[in-house]
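Colleague: I am new to this structure and would like to start small. Could you take me closely through one spot, and then show me what lies around it?

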Amino acid sequence: MDRQHEAPRIVVGIDGSPSSQAALRWAVRYAGLVSGRVEAVAAWDLPGAASWSAPAVDATFDEEEAERRLVEEVHTVLGEDGASSVHQRLVRGNPVDVLVDAATGADMLVVGSRGRGGFSRALLGSVSQQTALHAPCPITIVRADDPPADPPGHACTPAATTERTEWSP
């Protein structure tokens, strides 16, 4: 199919944090404005899996339970009607790598400003900062305390949308 005739694809990263829930709501509202489709992506990885330590084993991790929680979170945030329009994916890997890969070919990547990390006074979390640097498409970073986006049919002014451009001095 010709790319010009496809519905815009909006990828949103979710991790259960308040800002990722706000990002999910923002992505769905934006998709409504541009007649787009939303793909909610959650990443999981075993602690230490990418390091030189002994092989990581997390006997308590249950991928099926994680998928169930992902579906439940989307339903909780959007309700039954809203959730039915969102494609959900749980992907193993580093969250930055997973989101950047998922955003390849997308029209927009949406992430929350702060995830579940430990530096609560930082303006940006490490995942949102790194995805902003490496995203292959425009990215919107949504804070949990941002006012909700305008409803469909009204102007939409994203809080922090950046488009990567090449620049040389």
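Modeller: Let's begin with Ser128, which sits in helix H4, the stretch of residues 126-134; please keep in mind that this is a predicted model. Ser128 has a relative accessibility of 3%, so it counts as buried. A polar atom of its side chain lies 3.1 Å from the backbone oxygen of Ser113. If you set aside the neighbours within four places in sequence, Ser128 is in contact with Val111, Gly112, Ser113 and Ile141.

From here we can step to strand S4, residues 108-112, which runs parallel to strand S1 and is joined to it by 3 bridges. In one of these pairings, Met108 of S4 is the bridge partner of Ile10. S1 covers residues 9-13, and 5 of its 5 residues are buried. Ile10 and Val12 point one way from the strand, while Arg9, Val11 and Gly13 point the other way, and all are buried.

S1 also runs parallel to strand S2 (residues 37-44), with 5 bridges between them. Look for Gly13 here: its bridge partner in S2 is Val41. Together with helix H1 (residues 18-34), S1 and S2 make a right-handed β-α-β unit.

The side chains offer another link between these two strands. Arg9 and Glu39 meet in a salt bridge, at 3.2 Å from N to O. Because Arg9 lies in S1 and Glu39 in S2, the pair ties together parts that are 30 residues apart in sequence. Arg9 and Glu39 are both buried.

While you are at H1, find Trp26 and Tyr30. Both lie in this helix, 4 residues apart, or about one turn. The count of aromatic pairs comes to 1. That pair is Trp26 with Tyr30, and it is stacked, with 5.1 Å from centre to centre and 10 degrees between the planes. Trp26 is buried, as its relative accessible area is 7%, whereas Tyr30, at 21%, counts as partly exposed.

Now for helix H3. Its buried residues are Val96, Val98, Leu99, Val100 and Ala102, and they pack against S1, S2, S3, S4 and H4, which brings our starting helix back into view. Asn94 caps the N-terminal end of H3, with a side-chain oxygen 2.8 Å from the backbone nitrogen of Val96.

Gly93 is found in the loop between strand S3 (86-92) and H3 (95-102). With 14% relative accessibility, Gly93 counts as buried. Gly93 and Trp44 are 49 residues apart in sequence, yet their C-alpha atoms are 5.8 Å apart in space. Not counting residues up to four places away in sequence, Gly93 touches Ala43, Trp44, Asp45 and Val98.

Last, a look at helix H2 (residues 63-83). Glu65 and Arg68 are 3 residues apart in this helix, so about one helical turn separates them. They form a salt bridge, with the closest N and O atoms 2.5 Å apart. Arg68 forms a salt bridge with Glu72 as well, at 2.7 Å between the closest N and O atoms. Glu65, with a relative accessible area of 29%, is partly exposed; so are Arg68 at 41% and Glu72 at 43%. Back in the strands, salt bridges that share partners join Arg9, Glu39 and Arg89 into one network.

Notes
Residues are numbered from 1 along each chain as its sequence is written. This is a predicted model: local features need pLDDT of at least 70, side-chain atom pairs count only at pLDDT 80 or more; totals for chains, interfaces and linings use all residues. Side-chain values use heavy atoms; hydrogens and water are left out. Buried means under 20% relative accessible area, exposed over 50%, partly exposed in between (1.4 Å probe, protein chains only). A polar contact is a pair of N or O atoms within 3.5 Å; within protein, one must be able to donate a hydrogen and the other to accept it, and residues adjacent in sequence count only if both atoms are side-chain atoms. Contact means heavy atoms within 4.5 Å. Two strands pair if DSSP finds at least two bridges between them. A crossover is right-handed if, with the strands pointing away from the viewer, the path from the first strand over the helix to the second runs clockwise. Rings of Phe, Tyr and Trp (its six-membered ring) pair if their centres lie within 6.5 Å; planes under 30 degrees apart count as stacked, over 60 as edge-to-face and the rest as tilted. A salt bridge is a side-chain nitrogen of Lys or Arg within 4 Å of a carboxyl oxygen of Asp or Glu.
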